[in-house]
Amino acid sequence: MADNMDMFRKLSEHLILIIISFLPFKEAVRTSVLSKRWRYIWHGTWNIEFDERAFVDFRESQEMQASQRRGFIDFALQWIQNYQGRDIDKFQLTLSKPENFNGDIQRCISFAITHNVKGLGLDFSDPTWAEDNLDNHAALLDLPLNVFGHVFLESIKLFSCNFRNSDFMNFRALKQVSFGWLELSLSFLKALLKNCPLLESLSLKKCWNLDHLEISGQNLRLKSFVADNCSLISDEIVIDAPYLRFFKYSGKMAHFEIEIHRSHMEEADLDFGIQFEHYDGIGTDLYNLLNQLYPVKVLTVCSFMLQFLPLGDEPVRMGFDMRIKHLTLKTSVHPFEFIGIRFLLNSSPHLETLTLDIGPRRIFGGYRPPVRVNFNRFWLERSIKYKCVQESLKVVEAKGFKGTMHELSLLAHMIIYGRVLERMDVTVSKEEGDNGGNENRYREIANAMLEFPRASPILQISIK
Amino acid sequence: MSNTSENPKPSSSSAKMTLKTSDNELFEVEEAVAMKFCTVKQYFEDEKDSDVAARGSTTVIPLPNVHSAVLATLISYGKKLPQSNAVADNHEEEETKKKERKKYEQGLLKNLMPGELLDLISAANYLDFKEGLEFFNQALADHIQNKSVEYVRKFFGIKNDYEPHEEEKYREEYAWAFEGVDED
């Protein structure tokens with residue numbers, strides 16, 4: 001841009017502050033370097049996020065980390081001391097090993113409360129805690145009591161921060177609740193749903209001690225529910241949420257009973273990556289789950305589902321046409337997943353975007369395909385075509401491409417038969433492969449796809 | 001500049017209001033859309049109290065801080081938003097409208113110059129047009145996310161009046177905020 005007139009010259013500082021407050025805190029900080037006029041405006045931002053991960057390097061020694069953590073807290077304390085603004089919208093503090101910083105944390109939280117914060121986020125979890133195993137970690141900090149007086153709080157995030165269930169009922173205006181690394185009881189959850197009639201979004205991550213999950217209630221307005229690797233005493237998930245739009249589940253296979261409404265349900269993300277056993281009938285259970293989520297337009301599935309979904313009573317496709325417009329597959333493009341991929345393509349005649357999230361996945365040695373197939377010719381069998389590929393598929397994205405034979409043949413199918421395909425974006429993997437593969441090699445192989453015969457005259461293939 | 005002379009949607013209230021821009025252009029706008037501009041709403045309600053004349057038919061609301069090109073875009077955007085007084089659509093209609101709006105939004109942002117974006121934000125702020133302010137601000141934030149300071153300066157024509165050692169000092173002070181940025 002050759003324009004050398006400062007476009008911000010006509011804007012007041014107040015308006016610039018409004019603009020800055022839309023930026024994430026880290027971006028807001030950087031504006032101070034734009035020019036002298038911008039030096040202090042960002043100080044008034046009402047969107048505040050203090051994240052130790054920007055200061056602490058977890059590869060360093062514990063002492064070094066502790067010292068960096070101290071520097072981080074000092075920065076936060078000084079910042080809030082100099083704060084000149086009035087009410088704030090969001091205050092988020094992310095800090096592991098909080099036990100040495102009790103007083104300082106109290107000061108930060110009090111600052112937020114006295115400035116009438118609408119959304120409070122406290123994350124005291126430790127990034128070194130593994131998410132994909134069954135370890136639970138007791139919370140090391142209690143939520144200070146003065147927070148409970150702030151009854152108009154609209155959004156709260158508590159990770160590894162204890163509180164008394166009865167105190168929590170003070171918050172009647174909550175719209176968004178996110179709990180992580182906490183011990184929760186089902187009775188608390190039920191009370192919460194009843195107590196907060198405005199609740200729109202609930203997220204539970206790595207929570208434990210719940211008997212099972214039951215999300216229901218009169219006048220439940222919940223739009224979004226996330227259950228991420230929670231450990232339940234009995235693997236049962238009951239959802240009765242007519243306004244639910246978004247459902248994300250990751251964890252072990254469970255018995256699902258889901259009641260949603262076709263005019264609201266939009267998107268589901270199902271990840272059974274942590275499931276390490278399969279049993280007879282699991283295919284049918286997966287089918288039933290997908291059946292209950294019938295109206296979704298956006299669906300993300302994991303490799304486990306691709307392998308086992310077609311092993312139930314129905315190996316070919318869902319019994320009805322699904323509305324799926326955007327399908328994301330977490331896959332390693334392994335032959336054992338092919339029949340599942342075919343199943344979903346058959347079931348989605350209106351599919352417009354297909355995203356392949358390619359990476360290492362758990363492939364089950366005991367897998368037996370429901371029908372005899374030649375995996376090497378699977379995608380290039382001329383007699384097998386997919387309605388969605390020929391008639392509606394517009395975009396294919398492949399992330400983590402390594403140029404394996406199976407990746408090539410799957411993508412080739414899309415290029416050769418995708419009559420209305422507009423775009424194929426391939427992003428190569430940055431990982432070194434076992435047999436000398438690397439980014440450049442992957443890119444070379446990807447480039448070969450540019451020569452494949454194209455069914456769509458407007459197809460643009462990009463390789464990154 | 002264009003006047004909004006499209007056929008009015010047969011909604012329950014097709015009362016219109018006239019808005020006059022800084023360059024003396026007149027815009028006839030449906031009340032439902034104009035009411036999304038809270039400044040206009042305020043003016044209108046004040047007028048209503050003090051004036052017995054027919055609603056909106058003779059009142060021309062002056063907007064000395066808004067240029068016609070900018071107002072045209074904001075009105076256009078306001079029309080695409082769900083109207084509070086419209087008859088409830090069934091699900092299919094709602095879906096189509098949502099899709100249309102997304103397409104419109106994408107098209108709008110694609111052709112926008114940075115100066116125009118700031119004008120829109122400025123006007124939306126002046127008009128107290130909440131949805132517009134949020135939309136355009138978010139678009140701006142999304143665009144400069146993770147971009148280097150140099151990029152943002154160039155993009156908006158901001159002149160760097162720091163001494164090199166000053167700038168260096170501030171970059172160091174907030175070193176943590178400068179990690180992971182696209183240097184282009």
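Start by selecting Glu257(A), which sits in strand S15 of chain A. Before you zoom in, keep in mind that you're looking at a predicted model.

**Stop 1: a negative patch**

Is Glu257(A) buried, exposed or something in between? With a relative accessibility of 44%, Glu257(A) counts as partly exposed, because that label covers whatever falls between under 20% (buried) and over 50% (exposed). Now add Asp211(A), Glu236(A), Asp240(A) and Glu259(A) to your selection: together with Glu257(A), these residues make a patch of negative charge on the surface. Which strands each supply at least two residues of this patch? They are S13 (236-240) and S15 (255-259), both in chain A. Colour those two strands and you'll see where much of your selection is coming from.

**Stop 2: an enclosed strand**

Stay in chain A and select strand S16, residues 267-271. Four of its five residues are buried, so the rest of the structure largely encloses this strand. Who are its neighbours? On the list is S14 (residues 246-250), which pairs with S16(A) in the parallel sense through five bridges. To find a matching pair of residues, click Tyr249(A) and then Leu270(A) in S16(A), which stands opposite.

Next, bring up S17, residues 298-301 of chain A. S17(A) also runs parallel to S16(A), and the two are paired over four bridges. Here, try Ala268(A): its bridge partner in S17(A) is Leu299(A). While the strands are on screen, turn on the side chains. In a regular strand, side chains alternate between the two faces of the sheet.

**Stop 3: two residues with a positive phi**

Here's a bit of background for this stop. Most residues other than glycine have a negative phi.

Now select Asn116(A). What is its phi, roughly? The value is positive, about 55°, even though Asn116(A) isn't a glycine. You'll find Asn116(A) in the loop that links helix H4 (102-114) to strand S3 (119-123) of chain A. Its relative accessible area is 40%, so Asn116(A) is partly exposed.

Then jump to Trp181(A), another residue that is not glycine and has a positive phi, near 55°. Trp181(A) is in a loop too, the one between strand S7 (176-180) and helix H6 (186-195) of chain A. Is Trp181(A) buried or exposed? It counts as buried, because its relative accessibility is 3%.

**Stop 4: a positive patch**

For a patch of positive charge, select Arg377(A), Arg382(A), Lys385(A) and Arg419(A), which form one on the surface. Click Arg419(A) on its own and follow the backbone either way: this residue belongs to the loop between helix H11 (405-417) and strand S21 (423-428) of chain A. Arg419(A) is partly exposed, at 48% relative accessibility.

**Stop 5: over to chain B**

Hide chain A for a moment and show chain B as a cartoon. How many helices and strands does chain B have? There are eight helices and three strands. Trace them from the N terminus and the order reads β-β-α-α-β-α-α-α-α-α-α. Of the 184 residues in chain B, 40% are buried.

To visit one buried residue, select Phe136(B) in helix H6 (residues 130-144) of chain B. Its relative accessible area is 0%, so Phe136(B) is buried. For a last click, add Thr73(B): along the chain, Phe136(B) and Thr73(B) are 63 residues apart, and their C-alpha atoms are separated by 11 Å.

Conventions
Residues numbered from 1 in each chain as written. Chains lettered and ligands numbered in written order. Predicted model: local features only at pLDDT ≥ 70, side-chain atom pairs only at ≥ 80, totals over all residues. Heavy atoms only, no water. Patch = residues over 30% accessible without salt bridge, like charges linked within 9 Å, V, L, I, M, F, W, Y side chains within 5 Å. Areas by Shrake-Rupley, 256 points an atom, 1.4 Å probe, with all protein chains shown as cover. Salt bridge = Lys/Arg side-chain N within 4 Å of Asp/Glu carboxyl O. Lys, Arg positive; Asp, Glu negative; His and termini not counted. Charge placed at Lys NZ, Arg CZ, Asp CG, Glu CD. Buried < 20%, exposed > 50% of the residue type's maximum accessible area, 1.4 Å probe, protein only. Pairing = 2+ DSSP bridges.
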